[in-house]
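The following exercises concern the packing of helices and strands in a predicted model. Please examine the structure before attempting each task.

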Amino acid sequence: MLNKDRRMTLPRSDLQSPFGRAGGISNGLDGGGSFLKQSFVAAISAYPQEFRHGFEWCAGLGEIGLSLLDFGLIQRLTLADINPYAVKASCQLSTDPRVARFVSDNLADVERPAGGFDLVVANPPNYFAVQFPEMNGDLRPNDPGWRVHAGFYDQVSSFLSEDAVLMISEVEPWKTAVEIDGAVYDRRPEAPITSFSRMWDDAGLVLETARPYYREAGADVWLLVLKNACP
Ligand SMILES: C[S@@+](CC[C@H](N)C(=O)[O-])C[C@H]1O[C@@H](n2cnc3c(N)ncnc32)[C@H](O)[C@@H]1O
């Protein structure tokens, strides 16, 4: 999630498009998936591997994962989010029986499928210390101390197939300060990529590629692609 005002201004009238399914129900729950999902569809379409069972971590409404299912890029989808309102609202977007949903702190209450997930997608909370006190109660941007990231990477290994690929969206992962519209939005004690690299090492994951894929209000959003270090 980028701009603190953006949640109030997202377009809501494009229900016909597979990229616009949230329609009128996403207010306060959309964390950016409504406009980032098409980039995930493009990235996964171009990736030289076929996927079976996708997991969307920090799914919110699940728009990213549901788009992958719509486009035939996965056969099954598991969604999880800690916010029960988001998970419930996701049911209004799709009643596809190939989707399993869990209210869960990271993976704590998620059922591991036989064979594991071979694709993980996510647009998790991206900010260590949001500089706007009015945002403190919002689960979407806030990950103080990287608690959510650390919890996820601590648990994820046993949920993955050997050939699993993780595509994770992060805002300015090489910067200690994120500026949006010229104002400092987030401060990090070190570049997030450094913090995340330690978590990936411990999880047996390795960064395959990283590229900026979306830019808004002066900030770059990056797609980080991870794989098992020793498949
Ligand atoms: C930036 S929003 C993204 C939501 C959705 N993926 C999207 O792109 O619109 C981050 C999401 O992470 C969820 N979240 C925060 N902490 C979490 C945790 N510990 N476990 C699972 N989900 C969490 C929030 O409820 C929120 O829906």
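**Exercise 1.** Determine which residue follows helix H5 and what its phi is. Then check the length of H5 against the expected span.

*Solution.* The residue after H5 is Gly204, and its phi is positive, near 75°. For the length, H5 covers residues 192-203, which makes 12 residues. The expected span is 1.5 Å times one less than the number of residues, so H5 should span 16 Å. The C-alpha atoms at its ends are 16 Å apart, in agreement with the expectation.

**Exercise 2.** Describe how helices H1 and H2 pack, and classify their angle.

*Solution.* Two packed helices are described by the angle between their axes and the distance between the axes. For H1 (residues 33-46) and H2 (residues 63-70), the angle is about 45° and the axes are 8 Å apart. The two helices are therefore oblique to each other. The crossing of H1 past H2 is right-handed. On the H1 side, the residues in contact include Phe40, Val41 and Ile44; on the H2 side, they include Ile64 and Leu68. By class, this contact comprises six nonpolar, three polar and two charged residues.

**Exercise 3.** State the strand order of the open sheet and identify its edge strands.

*Solution.* The seven strands are ordered S3-S2-S1-S4-S5-S9-S8, and their pairing is mixed. S3 (99-103) and S8 (205-216) are the edge strands, each pairing on one side only. From one strand to the next, the twist averages 15°. Within the sheet, S5 and S9 run antiparallel and are joined by seven bridges; Ser169 has Leu223 in S9 as its bridge partner.

Conventions:
Residues numbered from 1 in each chain as written. Predicted model: local features only at pLDDT ≥ 70, side-chain atom pairs only at ≥ 80, totals over all residues. Axes fitted to C-alpha atoms, helices over the stretch in contact; angles between N-to-C directions. Helix = DSSP H or I, 4+ residues; strand = E, 2+ residues; numbered from the N terminus. Parallel < 35°, antiparallel > 145°, perpendicular 65-115°, else oblique. Left-handed = near helix turned anticlockwise from the far one by under 90°. Contact = placed C-beta atoms within 7 Å. Nonpolar A, V, L, I, M, F, W, Y, C, P; charged D, E, K, R; others polar. Pairing = 2+ DSSP bridges.
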